[in-house]
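Hi,

Here is the structure I promised to pass on. Have a look at it first, and then read on for what turned up.

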Amino acid sequence: MRFGWLSPVIGNRWSDQVPIAAYQDTEILPTALPHFDSLWIADHFYGFDEKTDPFLEAWTTLTWLAARHDSVELCHHVLGVGYRHPPLLAKMAATLQYLSGGRFVLGIGAGWREKEYEAYGYEFPRPSVRFAQLEETVEVCRRMWTQEFPSFEGRYVSITEASAPPLTDPPPKVCIGAAGEKVGLPLVGRLADRWNGPAGDGFTRRRDIVRSSAEQAGRDPDAVEVSVTLERALPESDDDSARLVEELAGHRDLGVDHVLMDFGHPRSIEPVLRFAEQVIAPLRA
């Protein structure tokens with residue numbers, strides 16, 4: 001089982017208006033990340049409580065952290081497909097893959113926050129269109145990551161010999177965040193290297209849709225890594241740790257390969273080390 005650390009980019013009254021990721025960069029991550037496999041940053045432009053709260057942009061923040069913490073995989077949680085022009089997105093991903101030494105995973109989804117789209121002047125089409133855009137974006141990215149002179153003519157995206165050197169070996173993997181059973185999950189099964197989906201009720205049904213869609217597309221369903229995101233408090237006692245081990249083992253038994261932990265804003269490193277020693281270690285044993 002693999003473990004990811006989700007670092008919040010927001011600053012709020014609980015963090016003295018300091019973006020939490022900036023605080024964690026110096027105070028938490030140097031000690032925490034050697035115990036984790038991946039680092040994740042959310043992709044929004046402003047927060048959910050007060051619109052004026054500090055909120056860091058996802059690509060800039062992850063690139064900054066990639067240069068400062070060189071031991072972990074890097075992924076967004078997850079990029080909105082409508083926020084960046086797809087060929088430019090592919091070039092950005094290829095660049096970070098090169099500069100990070102092959103640690104980048106393109107985490108992307110169809111987008112959902114309509115008011116944010118509107119505030120920044122982006123069109124917010126119906127879900128079927130956004131997922132079609134997502135499918136074409138993944139196709140464009142993979143062509144630009146693997147071909148010297150890639151071209152593509154889709155309904156929503158087109159490129160003409162859009163070279164993106166240097167081509168990296170390996171190219172980035174693609175993680176798709178989705179939960180919709182009619183469109184999103186079948187797309188995951190057809191295209192994704194990893195699925196990030198919601199835990200809880202309906203998880204096994206959604207997992208099975210991904211697996212069956214992969215099989216129908218001629219893919220090995222076991223090749224699609226499964227991750228879920230859990231918002232939990234760090235353990236303060238042995239009993240807390242034992243409860244987390246039991247919970248995470250249950251997710252593992254359901255086929256979860258990678259669990260992303262959102263611990264909020266821990267101020268002390270002690271419970272982080274407790275989580276590493278009493279939760280991560282036994283689940284990896």
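R267 sits over the face of Y23, 5.8 Å from the centre of the ring. A second arginine does something of the kind: R113 lies over the face of F48, at 3.8 Å from the ring centre. Before you go further, keep in mind that this is a predicted model.

**Aromatic pairs**

There are 15 aromatic pairs in the structure. One of them is made by W5 and F36, and their arrangement is edge-to-face, with 5.3 Å centre to centre and 90° between the planes. The two rings come from distant parts of the chain: W5 belongs to strand β1 (residues 2–6), while F36 is in the loop between α2 (29–32) and β2 (38–42), 31 residues apart. Are these two buried or exposed? W5 counts as buried because its relative accessibility is 1%, and F36, at 4%, counts as buried too.

Another pair to look at is F45 with Y120, which is tilted, with 4.4 Å between the centres and 40° between the planes. F45 is in the loop between β2 and α3 (58–68) and Y120 in the loop between α5 (114–119) and α6 (127–146), so this pair ties together parts that are 75 residues apart in sequence. F45 is buried, with a relative accessible area of 14%, whereas Y120 counts as partly exposed at 46%. Both residues also belong to one aromatic cluster, together with Y83, Y117, Y122 and F124.

**Around D37**

The loop between α2 and β2 also holds D37. With a relative accessible area of 21%, D37 is partly exposed; the cut-off for buried is under 20%. Which residue is 35 residues away from D37 along the chain, yet has its C-alpha atom 6.1 Å from that of D37? That is R2.

**Pockets**

The largest pocket has a volume of about 910 Å³. Its lining is made up of 36 residues, and A42, H44, H77, V78 and W112 are the closest to the centre. If you want to find the lining by element, β4 (79–80), β9 (194–197) and β10 (225–231) each give two or more residues to it. The largest share, three residues, comes from β10. What kinds of residue make up this lining? By class, 19 are nonpolar, twelve are polar and five are charged.

The second largest pocket has a volume of about 300 Å³. It is lined by 16 residues, and those nearest its centre are V81, G82, P86, Q133 and Y156. Here α6 gives the largest share of the lining, again three residues. The classes come out as eight nonpolar, five polar and three charged.

**What the record says**

UniProt lists residues 36–248 as "domain: Luciferase-like", in an unreviewed entry. In the model, the C-alpha atoms at the two ends of that span lie 15 Å apart. Residues 36–248 are 39% helix and 18% strand.

If you open the model and want a place to start, try the W5 and F36 pair with its 90° between the planes, then go on to the cluster that includes F45 and Y120. After that, the largest pocket can be found from A42, H44, H77, V78 and W112, the lining residues closest to its centre.

Best wishes

Terms used:
Residues are numbered from 1 along each chain as its sequence is written. This is a predicted model: local features need pLDDT of at least 70, side-chain atom pairs count only at pLDDT 80 or more; totals for chains, interfaces and linings use all residues. Side-chain values use heavy atoms; hydrogens and water are left out. Rings of Phe, Tyr and Trp (its six-membered ring) pair if their centres lie within 6.5 Å; planes under 30 degrees apart count as stacked, over 60 as edge-to-face and the rest as tilted. Helices (H or I, at least four residues) and strands (E, at least two) are DSSP runs, numbered from the N terminus. Buried means under 20% relative accessible area, exposed over 50%, partly exposed in between (1.4 Å probe, protein chains only). A charge sits over a ring if NZ of Lys or CZ of Arg is within 6 Å of the ring centre and within 35 degrees of the ring normal. On a 1 Å grid over the protein atoms alone, a cavity is a set of points where a 1.4 Å probe fits but cannot get out, and a pocket is an open set with protein on both sides within 12 Å along at least five of seven lines; lining residues have an atom within 4 Å of a point. Grid points are joined across faces, edges and corners, and a volume is the space filled by probe spheres set on the points. Ala, Val, Leu, Ile, Met, Phe, Trp, Tyr, Cys and Pro count as nonpolar, Asp, Glu, Lys and Arg as charged, and the others, Gly among them, as polar. UniProt positions are given in the numbering used here, feature names are shortened, and annotations may be inferred rather than shown by experiment.
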